[in-house]
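Please open the model in your viewer and keep a selection panel at hand. The stops below go from one selection to the next, with a short account of what is found at each.

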Amino acid sequence: MKEVLTSAEQRMKKSLQNLEEEFNGLRTGRASASLFDRIKVDYYGNPTPLNQVANISVPEARLIVIQPWDKGTIGEIEKAIQKSELSLNPSNDGKVIRINIPPLTEERRKDLVKTAKNIAEQSRVAIRNIRRDGNDELKKLTKNGDISEDEEKRGTDEVQKLTDKYVEQINSLLDKKETEIMEV
C-alpha cells in the first residue's frame, strides 16, 4: 500500500512541477528570464536551450538583455526569439540583444488568464487521473489478497488527501499567476 501512495505522490509532484513550468512560459507584462526557458537556439547544428548559449538578464522591469557567449550566435538567437510564441521583437547591436517588453492590453491579459485557467484545469485532471490509478491499484491489491479491505479504505482516504493537497496547490498557483497577469 505504501508503494501506491509514494508513486501517486511522486506523479502528483511532477504534475505540479509541469504546471509551474507552463506558467513560467506565460508572458506577463513584466520582463522575466524564465520566458525563454523553452526557447532552443540552433547552435552549430544542435538545438540548445537559450540559457546555455547566452546570459539573460533583466536590468529593468520592461527590458531583457541577452548577451551571447559566442558573438557568432547572435543571429540564431534573434531568429529563435522571433519564431517563438512570445511575440517579441529583439534588436541587437552586434554584442547584445535587447528586448523591450510592451505592456499588455486588457484583452490580451484576459486571454492569458483564460489560458492559465485551462492549463490549471489540465493539471487538476492529471491529478484526478493519478488518484484513479492509485485507487485502482489498491483495489487490485485487495483482490489479490495482499491488503485487507480496511487497508484499502485507509489507502483510498490517503490518496484522496494527496489529491486535495495538490489540487489546492494548483489553485494557489493559478491565483498567483492571475494576479501577476492582471497587474498593470
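Begin by selecting residues 40-43 and 46-49, the strands β1 and β2, which pair in the antiparallel sense over four bridges; strands here are DSSP runs of E with at least two residues, helices are runs of H or I with at least four, both numbered from the N terminus, and two strands count as paired if DSSP finds at least two bridges between them. Within this pair, V41 has T48 of β2 as its bridge partner, and in the hairpin, which has two residues between the strands, Y44 takes a positive phi near 50°.

Before going further, note that this is a predicted model, in which local features need pLDDT of at least 70 and side-chain atom pairs count only at pLDDT 80 or more, while totals for chains, interfaces and linings use all residues. Residues are numbered from 1 along each chain as its sequence is written, and side-chain values use heavy atoms, with hydrogens and water left out.

Next, select β3, β4, β6 and β5, four strands that form an open sheet in that order with antiparallel pairing. Because β3 (54-60) and β5 (90-92) stand at the edges with a single partner strand each, one side of each is left without a neighbour in the sheet. Neighbouring strands of this sheet are turned by 25° against each other on average, direction ignored. Five bridges join β3 to β4 (residues 63-68), and S57 stands opposite V65 in β4.

Add helix α2 (residues 74-83) to the selection: it lies across β3, β4, β5 and β6 (97-100), running at about 165° to β5. Axes are lines fitted to C-alpha atoms, for helices over the stretch in contact, and angles run from 0 to 180 degrees between N-to-C directions.

Now turn to α1 and α3, whose axes come within 10 Å and cross at roughly 170°. That makes α1 roughly antiparallel to α3, a term for angles over 145 degrees, whereas roughly parallel stands for angles under 35. The residues of this contact divide into 13 nonpolar, three polar and five charged; Ala, Val, Leu, Ile, Met, Phe, Trp, Tyr, Cys and Pro count as nonpolar, Asp, Glu, Lys and Arg as charged, and the others, Gly among them, as polar.

Replace α3 by α4, which packs against α1 at an angle of about 10°, with the axes 10 Å apart, and is therefore roughly parallel to α1. Contact means heavy atoms within 4.5 Å, and the residues of α1 that meet α4 include L5, M12, L16 and F23. By class, this contact has eleven nonpolar, three polar and six charged residues.

Which residues touch the most other members of the largest nonpolar core? Select L19, F23 and L26, which do so in a core of 21 residues; such a core is a set of buried Ala, Val, Leu, Ile, Met, Phe, Trp, Tyr and Cys residues joined through side-chain atoms within 4.5 Å, buried meaning under 20% relative accessible area with a 1.4 Å probe, protein chains only. The elements that give two or more residues to this core are α1 (2-25), α3 (106-143) and α4 (149-182). Leaving out residues up to four places away in sequence, F23 touches A116, I119, A120, L173, L174 and K177. A second, separate core of 20 residues includes I74, A80, I99 and I101.

Finally, select S123 in helix α3, which is buried at a relative accessible area of 8% and touches S15, L19 and I170, not counting residues up to four places away in sequence.

Technical notes: Buried < 20%, exposed > 50% of the residue type's maximum accessible area, 1.4 Å probe, protein only. Parallel < 35°, antiparallel > 145°, perpendicular 65-115°, else oblique.
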